[in-house]
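Good morning, everyone, and thank you for making room for this. Please take a moment with the sequence and the model before I begin to talk through them.

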Amino acid sequence: MQRVRSQGVVMAGAALAAMALSLTACSSSSTTNGGGSGSSSLSGTLNASGSTLQLVYQQAAIQAFKQIQSGMTVNYGGGGSGKGRTDLASGVVQFAGSDSPIPSDEVSNFKGKTVLYYPILISPITVSYNLSGVSNLKLTAPVIADIFQAKITKWNDSAIKAINPGVNLPGTSITIAHRSDSSGTTQNFSQFLVEGAPGVWKLGTSSTISWPANSRGGDGNGGVAQIIKTTPGAIGYVDYADAKASGLTFASIKNKEGNYVAPSVPAATTAADGATVKPDLTFSAIWAPGAGAYPITAQSWVLVYQKQSSANTTKLLKSYFGYLVGDGQKLLPGLGYAPLPSSIDQKAKAQLSKIGS
Amino acid sequence: VSTVTQQVGPAGTAGPTRPLSERRPFGDRTFQIITLAAGLLVLVILVLIAVTTTQQAAPWFKAEGWGIFGKTWNPATNQFGALAFIYGTAITSAIALVMAVPVSIGIALLLTEVVRYRLARPIVYVIDLLAVVPSVVWGLWGILVFAPWIQHIYTSIGSAVTGIPVLDTLFGPPTSGASFFTAGVILAFMITPIITSLSREVIATVPAIDKEGAYALGATRLEMITGAVWPHSKGGIVGAVLLGLGRAMGETIAAALVIGSSATITLHLFAPGDSMPAVIANQFGEASGTFRAALIGLGVLLFAFTIIINVIARAIVGRAAEQGSA
């Protein structure tokens with residue numbers, strides 16, 4: 001019996017500790033190496049975490065940047081925008097990736113220190129669906145809102161038929177696919193419905209939405225793509241890169257000017273070009289004006305403190321950020337993202353000198 | 001913890017050990033301090049985790065009050081009621097126990113009372129291998145292989161029971177591959193090794209004389225098990241089941257992947273739901289403010305629930321051990 005008993009203690013303890021640790025788990029500790037004062041060849045480490053939307057770009061940029069500055073190491077862990085901002089505020093990373101500006105209830109975490117925003121990429125979010133034989137579906141924001149609130153439950157609903165004359169829509173039931181994890185993609189998609197379908201969309205905007213019962217949750221863009229791909233009649237929101245990679249069919253969406261626009265790299269850049277950019281370089285390309293603008297367009301920033309304690313870290317940040325908004329932009333279309341429009345890109349480059357000043 | 005170990009080791013305190021320990025006080029003292037520190041360290045870490053997580057969750061407790069047990073979880077409107085997740089944790093754990101307990105006890109009896117030791121050993125290895133499978137592997141297998149496969153079975157069952165009063169509510173359409181039931185089945189797989197190995201050890205302690213006595217009175221094997229093995233080991237088995245329950249309640253990533261992630265309270269077992277650890281894992285990344293505090297608060301609640309379950313389990317196992325040895 002004694003053996004049984006002591007095993008019980010160990011297991012109970014392990015279970016509790018594991019549970020608790022999963023809550024307090026933080027990103028790996030970070031240090032910045034000193035030295036390396038040469039302006040052309042830099043050495044040291046930058047650590048970052050945050051947005052998973054920009055994770056693929058960060059990984060590609062880190063690889064390519066190695067060719068330019070072989071003495072520099074950049075680590076970008078994902079974890080989500082919220083985690084990135086928390087890590088930046090608590091000082092465990094030198095910069096953070098975020099899909100949204102710092103929300104008002106988080107501002108106090110930064111203790112009055114100035115945070116600089118650098119937009120680095122634009123990403124269209126597709127509304128993808130699985131309907132055999134239908135490849136050119138058109139949708140409007142109010143119809144999407146009704147579909148995702150389970151008010152429209154069949155594909156041959158009159159509201160969908162009305163905007164798709166001549167398309168043979170089957171009577172299949174609609175299955176809603178959404179993100180099971182909290183996500184900037186959900187935030188931006190719901191923001192589009194708030195702006196594009198006012199009065200119709202009742203579920204608000206957040207990184208997690210209280211979806212109708214019997215909708216299906218998938219982990220990450222890949223998880224939602226998987227559900228759509230394997231479920232006839234499914235519809236969901238997936239970022240452009242994953243939708244293309246999974247070979248999904250996506251709808252053309254009616255934009256603010258009344259034109260139906262399919263998601264594409266140029267249509268997303270056009271949307272960002274039409275967005276109103278604030279002096280701190282925050283903006284929202286969702287529901288932006290412009291004849292060819294795709295209306296569900298997200299953007300992502302890297303965030304950094306203006307005041308830096310180490311001169312070397314300042315150099316490292318300027319060098320890497322310079323790459324992200326400079327030559328790195330050429331990598332974006334190949335990864336399924338859209339590059340910044342030149343109007344915003346110029347402002348981001350001009351702001352580089354502010355780091356460490 | 002400490003009271004139990006003190007109770008168990010009363011032998012050898014009397015006698016001439018004292019002079020010996022006085023002769024080498026330094027080594028013994030150092031050893032004692034090191035082991036004590038190791039023991040206390042775990043306790044200190046546990047307390048610190050409890051304190052800091054409660055602190056971080058304070059905005060949620062303050063904002064919601066008793067509303068933390070509310071029905072609505074909607075970050076878009078800042079409503080953070082945890083009832084749907086508590087319900088999901090309870091229902092998936094219950095499904096897991098209903099399936100795992102009979103199987104586990106069956107295997108334990110098979111290994112101790114039916115097959116010979118040489119044959120039992122490979123079975124023990126296989127069962128223990130189940131415990132070695134990482135939970136993320138269970139989750140991925142669950143969502144990529146098991147859920148799509150069982151979806152068809154759910155659909156057939158759903159259409160078969162439509163219209164039948166109670167069964168329609170429990171198993172009727174609409175059905176989804178990622179659901180309470182799928183999560184329960186995956187959890188059952190995961191807790192079977194624990195319940196089996198603990199039950200096996202409990203049953204192995206039944207004195208041979210009790211069993212031989214039952215046989216001598218003309219009992220069949222089944223009567224011997226119900227008459228001699230069960231009364232002796234039921235306390236220990238209940239403890240084993242509760243420890244399995246603790247594991248099922250706290251399982252995070254496997255549940256997060258297969259449960260369907262829908263904060264709904266429904267009796268439909270084939271419908272998507274959500275559980276406390278799953279929602280923490282899924283939603284923590286993009287959470288901020290009260291939302292973040294609420295998720296940490298869910299962790300604190302879960303922490304409290306698992307402590308209660310484990311304390312009860314230990315009390316039952318401890319009492320059974322005393323009865324068994326008396």
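How many cavities of 30 Å³ or more are there? The count comes to four, and I should say at the outset that we are looking at a predicted model, so please keep that in mind throughout.

Let me stay with one of these cavities, the second largest, which holds about 40 Å³ of space. Its lining is made up of residues of chain B, and as you turn the model you can look for Thr89(B), Thr92(B) and Ser93(B), then Leu187(B), then Ala248(B), Met249(B) and Glu251(B), and finally Ala255(B), Ile259(B), Ser275(B) and Pro277(B). Two elements of chain B, α4 (83-114) and α10 (221-250), each give two or more residues to this lining, and α4(B) gives the most, with three residues. If we sort the lining by character, six of its residues are nonpolar, four are polar and one is charged.

Now I would like to move to chain A and to a sheet there. Three strands, in the order β5-β10-β11, form an open sheet in chain A, and their pairing is mixed. The edges are taken by β5 (138-139) and β11 (260-261) of chain A, each of which pairs on one side only.

In which sense, parallel or antiparallel, do β5(A) and β10(A) pair? These strands, the latter covering residues 252-254, run in the parallel sense and are joined over two bridges. To find the place in the model, look for Lys138(A), which stands opposite Ser252(A) in β10(A).

Definitions and conventions:
Residues are numbered from 1 along each chain as its sequence is written. Chains are lettered from A and ligands numbered from 1 in the order in which they are written. This is a predicted model: local features need pLDDT of at least 70, side-chain atom pairs count only at pLDDT 80 or more; totals for chains, interfaces and linings use all residues. Side-chain values use heavy atoms; hydrogens and water are left out. On a 1 Å grid over the protein atoms alone, a cavity is a set of points where a 1.4 Å probe fits but cannot get out, and a pocket is an open set with protein on both sides within 12 Å along at least five of seven lines; lining residues have an atom within 4 Å of a point. Grid points are joined across faces, edges and corners, and a volume is the space filled by probe spheres set on the points. Helices (H or I, at least four residues) and strands (E, at least two) are DSSP runs, numbered from the N terminus. Ala, Val, Leu, Ile, Met, Phe, Trp, Tyr, Cys and Pro count as nonpolar, Asp, Glu, Lys and Arg as charged, and the others, Gly among them, as polar. Two strands pair if DSSP finds at least two bridges between them.
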